[in-house]
Amino acid sequence: MASSLVFPSAPRNQISRRIPRVASSLASNASTSSKEVVVVGGGIAGLAVSLALHRLGVSSLVLEQGSTLRTGGTSLTLFKNGWRVLDSLGAGDELRQNFLPVKGMIMKSNDGREIRAFSFDEEAPGQEVRAVERRVLLETLANKLPPSTISYSSKVKSVNAQGKEGTMLELEDGRKILANIVIGCDGVNSPIAKWMGFPEAKFVGHCAFRGMAHYPDGQPFESKVNYIYGRGLRAGFVPVSPSKIYWFICFNSNSPGPKNTDPSLLKKEALDLVRDFPSDLQDIIRNTQEDIIIKTPLVDRWLWPGLTPPAYRNGVVLVGDAWHPMTPNLGQGACCALEDSVVLATKLSGSIGKGQDAVNQALREYANDRWPRVFPLTVRANLVGSLVQWDNPLVCALRNGVLIPKIVRLGPFLEHTNFECDLLEPVGSS
């Protein structure tokens, strides 16, 4: 396996102009600097692991390639395991103030007929579900970090192993950082994962539209997840706040297809897909600003034992989508990334300053703890997606007439959200 890799330049993700800088970039003319812990990527995983380390008394530097927080995207659904982690990071209650608790879910066929309705209180006691704006989640995590933690406009160009000295990160602007520990939180197309020998995430045969509708005078929907099933096509929506509704459409596709960035065409394509679906879904899409609609292929990576590289190598480790991208069918991508962050931070905090062997042992324990958790969830999310994306009319009739109304039980289905973690009390607190 190569010990160094140079990454080609790539277009930057959409940057929100509304987010203030948390920290300025490191001086572009600086010589090589040394850092104990460097986190590559300022998304949910990167900010969460940096905050977890900070609360345990370990400082880190977060390298974010964008000029500010990358707040593209719409919303994500967090279940109780995600909220347990946010509570441990001291961010849960602040976020709860902004987003509605989801009371249950309703499943319908594309002609509007109700197939099944669930109540979380009755069928999954103790469950907590809220749809959270990605922008607000990132801002909340970032604002709890020390001001000098995030270095913007800091895109990694190459990675070079330096043996016992650590790992050298060269940035596109010429800066070099020698890190004892590198935490790769750089997403589905992670350059750090590529350097470690991981294959690209695999397209699963489905693409998704996502958007956020805005109702300035108040949205009219009950606080429940709404799922609508067709043939090879499904959609859904859930209230986020008193004025916003998150929605999605998932459809079968032979390939990811060409990337379309024309907002008006994306909105038209989304509406065309659900022209035979209930009118309330179509109204929600029409109430969505065109520039908030995104279209993405769905991908995952199965972590086969003995075939896929381990999550760590000589002081370098992966977290979240960089390690285990999964389809959104269980709503666990962000939740698992948050889980990763507290587990890794807890393992690492006791190894700092004790040498490379202690660090690698901590990383090994993290990988051994997390693999039995994330691999089955990745597989299960894939299989659930295949199940609900059936396009055979007889199989769809079986799904809508027997499987969902008579067999599925909400409590057992959501057992994967059972995850507990201790509060990470800030160092120095009494």
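Is Lys-144 buried, partly exposed or exposed? Let's work that out first, then try four more exercises on this predicted model.

Some ground rules: residues count from 1 along each chain as its sequence is written, and side-chain values use heavy atoms, with hydrogens and water left out. Since the model is predicted, local features need pLDDT of at least 70 and side-chain atom pairs count only at pLDDT 80 or more, while totals for chains, interfaces and linings use all residues.

**Exercise 1. Place Lys-144 and find its salt-bridge partner.**

Step 1. Get the cut-offs: buried means under 20% relative accessible area, exposed over 50%, and partly exposed in between (1.4 Å probe, protein chains only).
Step 2. Lys-144 has 27% relative accessibility, so it counts as partly exposed.
Step 3. Now look for a salt bridge, that is, a side-chain nitrogen of Lys or Arg within 4 Å of a carboxyl oxygen of Asp or Glu. Lys-144 pairs up with Glu-94, and their closest N and O atoms are 3.2 Å apart.
Step 4. Glu-94 sits in helix H3 (residues 92-96) and Lys-144 in the loop between H5 and strand S8 (150-151), so the pair ties together parts that are 50 residues apart in sequence. Here helices (H or I, at least four residues) and strands (E, at least two) are DSSP runs, numbered from the N terminus.
Step 5. Glu-94 is partly exposed too, at 37%.

**Exercise 2. Work out which residues of helix H2 are buried.**

Step 1. Go through H2, which spans residues 80-88. The buried ones are Lys-80, Asn-81, Gly-82, Trp-83, Val-85, Leu-86 and Ser-88.
Step 2. That's seven of the nine residues, so the helix is largely enclosed by the rest of the structure.
Step 3. Step just past H2 and you meet Gly-90, with a positive phi of about 75°.

**Exercise 3. Describe the largest nonpolar core.**

Step 1. A nonpolar core is a set of buried Ala, Val, Leu, Ile, Met, Phe, Trp, Tyr and Cys residues joined through side-chain atoms within 4.5 Å.
Step 2. The largest has 105 residues, and Leu-86 and Leu-141 are among those with the most contacts inside it. Helix H10 (residues 356-388) gives the most to this core, with 12 residues.
Step 3. A second, separate core has 21 residues, including Phe-209 and Ile-285.
Step 4. Zoom in on Leu-141. Leaving out residues up to four places away in sequence, Leu-141 touches (heavy atoms within 4.5 Å) residues including Ile-44, Leu-86 and Leu-89.

**Exercise 4. Follow the salt bridges of helix H7.**

Step 1. Start with Asp-272 and Lys-268, whose closest N and O atoms are 3.0 Å apart. Being four residues apart in H7 (residues 263-273), they are separated by about one helical turn.
Step 2. Check the ends: Asp-272 is partly exposed at 34%, and Lys-268 is partly exposed at 48%.
Step 3. Move on to Glu-269, which meets Lys-295 in a salt bridge (2.9 Å, N to O). This pair links distant parts of the chain, with Glu-269 in H7 and Lys-295 in strand S16 (residues 294-300), 26 residues apart.

**Exercise 5. Describe the surroundings of Arg-134.**

Step 1. Arg-134 is in helix H5 (residues 134-143) and is partly exposed, at 22%.
Step 2. Not counting residues up to four places away in sequence, its contacts include Gly-43, Arg-70 and Leu-76.
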